[in-house]
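Please open the structure in a viewer and keep the selection panel at hand. The stops below move from one selection to the next.

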Amino acid sequence: MKIFYKTSATATGGREGHTQVDDGSIGFDLVSFQNTSGKVGTNPEQLFAMGYAACFDSAMNHVAPSLGLKPTSSSTTVGVGIGQKADGAFALDIDITITVAGLSEDDAHKLIEKAHAVCPYSNATRGNVDVRLHVKVV
């Protein structure tokens, strides 16, 4: 595989600590999704949702020309849940809602399916995380 870009981040203190990209460009104080302390921060699921949403929307822009499609706009919202499986392991649950303007319903679905096939986040989760796609055409 040809690597186009690589980055790294370090977390200390787990869900109640801090995470920062190693080049210092961005960092967050972390709180658990069960936070009742009043501490302000974000959690890993929120960060994953933000990254997945940006990546998926970019994947749509990347594949649209290959399908001969020209949406006038798009937005992607990713909902990430975390839960515990029967065996005690933790797992994610993902809903992706894509809003597309300027395409027919059929073309929007073609675009979303192709984007889901090439998006690195989709490829990383495929087969081990329940991901549901929802399409809105406006």
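Begin by selecting Glu-45, which touches Arg-15, Phe-33, Val-80, Ile-82 and Leu-92 when residues up to four places away in sequence are not counted; contact means heavy atoms within 4.5 Å. Glu-45 is found in helix α1; helices (H or I, at least four residues) and strands (E, at least two) are DSSP runs, numbered from the N terminus. At 9% relative accessibility, Glu-45 counts as buried. Buried means under 20% relative accessible area, exposed over 50%, and partly exposed in between, with a 1.4 Å probe and protein chains only.

Two remarks on the source apply to every stop. This is a predicted model, in which local features need pLDDT of at least 70 and side-chain atom pairs count only at pLDDT 80 or more, whereas totals for chains, interfaces and linings use all residues. Residues are numbered from 1 along each chain as its sequence is written, and side-chain values use heavy atoms, with hydrogens and water left out.

**The sheet**

Next, select β4, β5 and β6. These three strands form an open sheet in the order β4-β5-β6, with mixed pairing; two strands pair if DSSP finds at least two bridges between them. Because β4 (73–84) and β6 (130–137) stand at the edges with a single partner strand each, one side of each is left without a neighbour in the sheet. On average, neighbouring strands of this sheet are turned by 15 degrees against each other, direction ignored. Axes are lines fitted to C-alpha atoms, for helices over the stretch in contact, and angles run from 0 to 180 degrees between N-to-C directions.

Now restrict the view to β5 (residues 90–101) and β6, which run parallel and are joined by eight bridges. Within this pair, Ile-98 stands opposite Val-135 in β6.

**The helices across it**

Add helix α1 (residues 44–63), which lies across β4, β5 and β6 and runs at about 145 degrees to β4. Then add helix α2 (residues 105–118), lying across β5 and β6 at about 150 degrees to β6.

**The nonpolar core**

Which residues have the most contacts inside the largest nonpolar core? Select Tyr-52, Phe-56, Ile-96, Leu-111 and Ile-112, which hold that place in a core of 24 residues. A nonpolar core is a set of buried Ala, Val, Leu, Ile, Met, Phe, Trp, Tyr and Cys residues joined through side-chain atoms within 4.5 Å. The elements giving two or more residues to this core are α1, β5, α2 and β6, and α1 gives the most, with eight residues.

Centre on Tyr-52: its contacts beyond four places in sequence include Val-78, Ile-94, His-116, Cys-119 and Thr-125. Move on to Thr-125, in helix α3 (residues 120–125). Thr-125 is buried at 6% relative accessibility, and it touches Phe-48, Tyr-52, Ile-94 and Val-131, again leaving out residues up to four places away.

**Two cysteines**

Select Cys-55 and Cys-119. How far is the sulfur of Cys-119 from the closest cysteine sulfur? The distance to the sulfur of Cys-55 is 3.6 Å, too far for a bond, since a disulfide is a pair of cysteine sulfur atoms within 2.5 Å. The count of disulfides is zero by this rule. Cys-55 is buried with a relative accessible area of 18%, and Cys-119 is buried with 0%.

**A last stop in a loop**

Finally, select Ile-26, in the loop between β2 (18–21) and β3 (27–29). At 41% relative accessibility, Ile-26 counts as partly exposed. Apart from neighbours within four places in sequence, Ile-26 is in contact with Gln-20 and Val-21. Ile-26 and Ala-9 are 17 residues apart in sequence and 9.4 Å apart in space, C-alpha to C-alpha.
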